[in-house]
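Thanks for sitting down with this one. Let's take the chain a piece at a time, with a few questions and their answers.

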Amino acid sequence: MTNSKTEPDAGWFLGRCRKVILRLLAELGLPASTHDIRDVENRDDADLAIPLHSLAKNQGTEPNKLAEECARALNMAGAPFISVHAVNGYLNFKLAPAELATAVCNDFGRNPAVYGSCQVGSGKTVVIDYSSPNIAKPFSVGHLRSTIIGQSLYNILGWLGYRVIGDNHLGDWGTQFGKLLCAFHRWGNADRLRQNPTGHLLELYVRFHNEAKTDPALESCGREWFRKLETGDQQARSLWQHFVQLSLAEFNRIYELLGVRFDSVLGESFYEDRLSGVVERALNRGVAKVERLQEGETVLIPLERAGISSPLLLRKSDGTSLYATREIATAEYRIEKWHPEMIIYVVGSEQELYFRQFSAALKLLGIDVPCIHVSFGLVRLPDGSMSTREGRVILLEDVIQEAIRRAEAVVTDRSLPETEKREIARKVGIGAIKYADLSQNRLKEVVFDWNKMLRLDGDSAPYLMYAYTRARSIIRKAATSPKINTKPSFHMLVSPAEQHLLKHIARFPDAVLAAGTLFEPCRIANRLYRIAKDFSVFYDTVPVLKAETNEVRAARLYLVEMTSTVLKTGLALLGIETSERM
């Protein structure tokens, strides 16, 4: 059994069934909510269930006894269930096969293009901060998770009716740029920078940290260059802007390959003129305090009242800003410009403490817009964590190109021209990378493994994409066969293979809503995999074009059409493209 904390959409079949269960219990004087109702999967005797343990406790009776009494007393006339029975304090409801088939097909038929959508976000704006790479560093596999999780949430929340603003908050400011400017000033090569911008800058960054281990003066050099940058030194600003332009050109090439888009792309530097105001307001409100140290004065926000022992630093002793200062300025700008219902930050779980500090500081500053940290586990190499300082990175572009190369092996349609095969391989390869990430719980740490990330069979994007192409193949063949003007008889879709497939399609709207409410794209990926698996069984065991009657043929063709549409919709929400042929 599964139990979602989201409020299911009553507009779809299963939502209506849950409302019936609540009505039946209310008629017996038993209050309940949709949150109490569980989905029951992979069982033949039940599809929905509700535990009566709390209700039994309130009435001073045993759960088993109450469930058995309810099962006998429920008035099932007109309900979409073929049976109800009591088991271990649960009421188990079995859907009527013919009614299930008719209702789900009719739901789909109202508007196939938006099946599974609902408008829970209508009239609301949400800002999503995702990807957010650092300027002057290559796009590594470590950037992958924020980028594709964020884009998927952008798609899903938009599908649920929200006005979504995708904001790529570039890391183009901070002490690391002082270090990089120092390194380039000492060891940089203009020709190598032009030929391989982020590669050369990474080499310099790594060299700086390696040599700083034995030459402490380098750290002072880095701090001085960042001070120059913040105070507007022309040489520092000009070189920094050159790094930004070169890096953005590389990033945009990766984004185009991944099919990732943003509504706003601004660097931390954009908020530079707001930083002093952030510090002043925090001091004037009594939220921040000045702490005098031997090397100078710092400004920080104590967070003990929020239950956090470590303060949030706003200004360092040398007068320069910090990441937190710039983040607060960014939040204020977003709220002024877009008036969001919430701001979502798709950032690794290693930043959990920082986001607790950040959210607490915003509340103390009088900013009440929820800032939600959608965290995820890091991507790690098999022998440890990736580190830009040590140069231990796997370039994302290399992964993408290798995935495309390997995907060429799954394009089996020999009649396709080479250009189309390459395009399909691109979709399959990139889809495989995305699905390998999005199909698992985002909180889990991902150990980078070529074979696992690029597997092209089983629970993978290519498997789902192939299910889609098989469905479309049936539809194409039906279009070239003799036309039979027969209205589908949906109530005839009652075989086990048909029913299993229909139930997964019926649960697709719940999966989309849960994915958007809980910020878990894996809810959609997992449901799509079950649809693809059951479609494979259906495809192998149930005749469609050669069905026993025209009515059954028409109904099964409709089920195939539903399957292909839901697979395409769900994959699109994950940012994965489909192909009519493979």
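Q: In the loop between which two helices does Asp 457 lie?
A: A word of caution to start: this is a predicted model. In that model Asp 457 is not part of a helix run but sits in a loop. The loop is flanked by helix 16 (450-453) and helix 17 (461-480).

Q: Is Asp 457 buried, partly exposed or exposed?
A: A residue is buried under 20% relative accessible area and exposed over 50%, with partly exposed in between. The relative accessible area of Asp 457 is 47%, so this residue is partly exposed.

Q: How many Å apart in space are Asp 457 and Val 410, C-alpha to C-alpha?
A: Along the sequence, 47 residues separate Asp 457 from Val 410. In space, their C-alpha atoms are apart by 9.2 Å.

Q: Gly 366 is found in a loop too; is this residue buried, partly exposed or exposed?
A: The loop that holds Gly 366 runs between helix 13 (352-364) and strand 12. Partly exposed covers the range between 20% and 50%. With a relative accessible area of 49%, Gly 366 therefore counts as partly exposed.

Q: What is the distance in space between Gly 366 and Val 287, C-alpha to C-alpha?
A: These two residues, Gly 366 and Val 287, are 79 residues apart in sequence. Between their C-alpha atoms the distance is 10.0 Å.

Q: What is the order of the strands in the open sheet with parallel pairing?
A: This open sheet has five strands. Its edges are strand 7 (264-267) and strand 12 (371-374), each of which pairs on one side only. From one strand to the next, the twist averages 25 degrees. Reading across, the order is 7-6-5-11-12.

Q: Which residue in strand 6 is the bridge partner of Val 127?
A: Strand 5 (residues 125-129) and strand 6 (residues 163-170) pair in the parallel sense, with five bridges. For Val 127, the partner in strand 6 is Ile 165.

Q: At about what angle does helix 12 run to strand 6?
A: Helix 12 (residues 323-338) lies across strand 5, strand 6, strand 7 and strand 11 (342-346). Relative to strand 6, helix 12 runs at about 150 degrees.

Q: Is His 339, in the loop between helix 12 and strand 11, buried or exposed?
A: His 339 has a phi near 50 degrees, a positive value in a residue other than glycine. Most residues other than glycine have a negative phi. The cut-off for exposed is over 50%. At 61% relative accessibility, His 339 is therefore exposed.

Q: And Ser 131, in the loop between strand 5 and helix 5 (144-159): buried or exposed?
A: Ser 131 also has a positive phi, near 75 degrees. Buried means under 20% relative accessible area. The value for Ser 131 is 6%, so this residue is buried.

Q: Which strands are at the edges of the open sheet with the order 1-2-4-3?
A: This sheet has four strands with antiparallel pairing. An edge strand pairs on one side only, and that holds for strand 1 (38-39) and strand 3 (81-87).

Q: Which residue in strand 4 is the bridge partner of Leu 48?
A: Strand 2 (residues 48-51) and strand 4 (residues 90-95) run antiparallel and are joined by four bridges. Within strand 4, the partner of Leu 48 is Phe 93.

Q: Which residue in the turn between strand 3 and strand 4 has a positive phi?
A: Strand 3 and strand 4 pair in the antiparallel sense over six bridges, and Ala 86 has Leu 91 as its partner in strand 4. The two strands form a hairpin with two residues between them. In that turn, the residue with a positive phi of about 50 degrees is Asn 88.

Q: How many of the six residues of strand 4 are buried?
A: In a regular strand the side chains alternate between the two faces of the sheet. On one side of strand 4, Tyr 90, Asn 92 and Lys 94 are buried, and on the other side Leu 91, Phe 93 and Leu 95 are buried too. Helix 1 (residues 13-27) lies across strand 4, among other strands. The count of buried residues in strand 4 is six of six.

How values were computed: Residues are numbered from 1 along each chain as its sequence is written. This is a predicted model: local features need pLDDT of at least 70, side-chain atom pairs count only at pLDDT 80 or more; totals for chains, interfaces and linings use all residues. Side-chain values use heavy atoms; hydrogens and water are left out. Two strands pair if DSSP finds at least two bridges between them. Contact means heavy atoms within 4.5 Å. Axes are lines fitted to C-alpha atoms, for helices over the stretch in contact, and angles run from 0 to 180 degrees between N-to-C directions. Buried means under 20% relative accessible area, exposed over 50%, partly exposed in between (1.4 Å probe, protein chains only).
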